[in-house]
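Visitor: Please give me a close look at a single part, the cavity lining, and set it in the context of the chain. Include the salt bridges, with distances and accessibilities.

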Amino acid sequence: MVCARGIAMNVVKFNTPAKHRAMRRTGEARRRRQFVEAAISTIGARGLAGASLAEIAGRAGLSSGLIAHYFDDRAGLLEATLRYLGSALRADIDRKSVV
């Protein structure tokens, strides 16, 4: 794009709402996974009773307040973690049964 003085200007393209939603979902999924992987690590190191949400958030490199945003509470994070581990276990079993 060229302005009235004939100077080339950079044109900023704004994301469409659909692209914005897709990017947002990707970021949310990535943060959820960060929390789940940090929960696995923390629970493995400290046990379920010793794993605090603050430590899980610290290992994830995210704010502990985001846990409530993505999982509602500790039980929601634990449920997501167990689902993740179950899915990984099923995938591993499927890979080994194909061989």
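**The cavity and its setting**

Guide: Take the contacts in the protein chain (heavy atoms within 4.5 Å) between residues at least 6 apart in sequence: 48% of them join residues at least 24 apart. The model is predicted, so local features need pLDDT of at least 70 and side-chain atom pairs count only at pLDDT 80 or more, while totals for chains, interfaces and linings use all residues. Residues are numbered from 1 along each chain as its sequence is written, and side-chain values use heavy atoms, without hydrogens or water.

The protein chain has four helices and zero strands (DSSP runs numbered from the N terminus: H or I of at least four residues for helices, E of at least two for strands). Read from the N terminus, the order of elements is α-α-α-α. Of the 99 residues in the protein chain, 16% are buried (under 20% relative accessible area with a 1.4 Å probe, protein chains only; over 50% is exposed, and in between is partly exposed).

One cavity of 30 Å³ or more is present in the structure; a cavity is a set of points on a 1 Å grid over the protein atoms alone where a 1.4 Å probe fits but cannot get out, and lining residues have an atom within 4 Å of a point. The largest cavity holds about 60 Å³ of space, volume being the space filled by probe spheres on points joined across faces, edges and corners. Its lining consists of A39, I43, L48, L53, I56, R74, L77, L78 and T81. At least two lining residues come from each of α1 (17-46), α2 (53-60) and α4 (74-98). α4 gives the largest share, four residues. By class, seven lining residues are nonpolar, one is polar and one is charged (Ala, Val, Leu, Ile, Met, Phe, Trp, Tyr, Cys and Pro are nonpolar; Asp, Glu, Lys and Arg are charged; the others, Gly among them, are polar).

Two of the helices that supply the lining, α1 and α4, also hold salt bridges, described next. The structure has six salt bridges in total (a Lys or Arg side-chain nitrogen within 4 Å of an Asp or Glu carboxyl oxygen). In α1, R33 and E37 sit four residues apart, about one turn of the helix, and their side chains form a salt bridge with an N to O distance of 2.8 Å. R33 counts as partly exposed because its relative accessibility is 47%; E37, at 37%, is also partly exposed.

In α4, the side chains of R83 and E79 meet in a salt bridge at 2.7 Å, N to O. These two residues are four apart in the helix, so about one helical turn separates R83 from E79. R83 is exposed at 58% relative accessibility, whereas E79 is partly exposed at 41%.

Another α4 pair is K96 and D92, whose side chains form a salt bridge at 3.4 Å, N to O. K96 has 60% relative accessibility and therefore counts as exposed. D92, with a relative accessible area of 27%, is partly exposed. K96 and D92 too are four residues apart, about one turn of α4. Beyond these pairs, R46, E55 and R59 are joined into one network by salt bridges that share partners.

Terms used:
1 Å grid on protein atoms, 1.4 Å probe; cavity = no way out; pocket = protein on both sides within 12 Å on 5 of 7 lines; lining within 4 Å.
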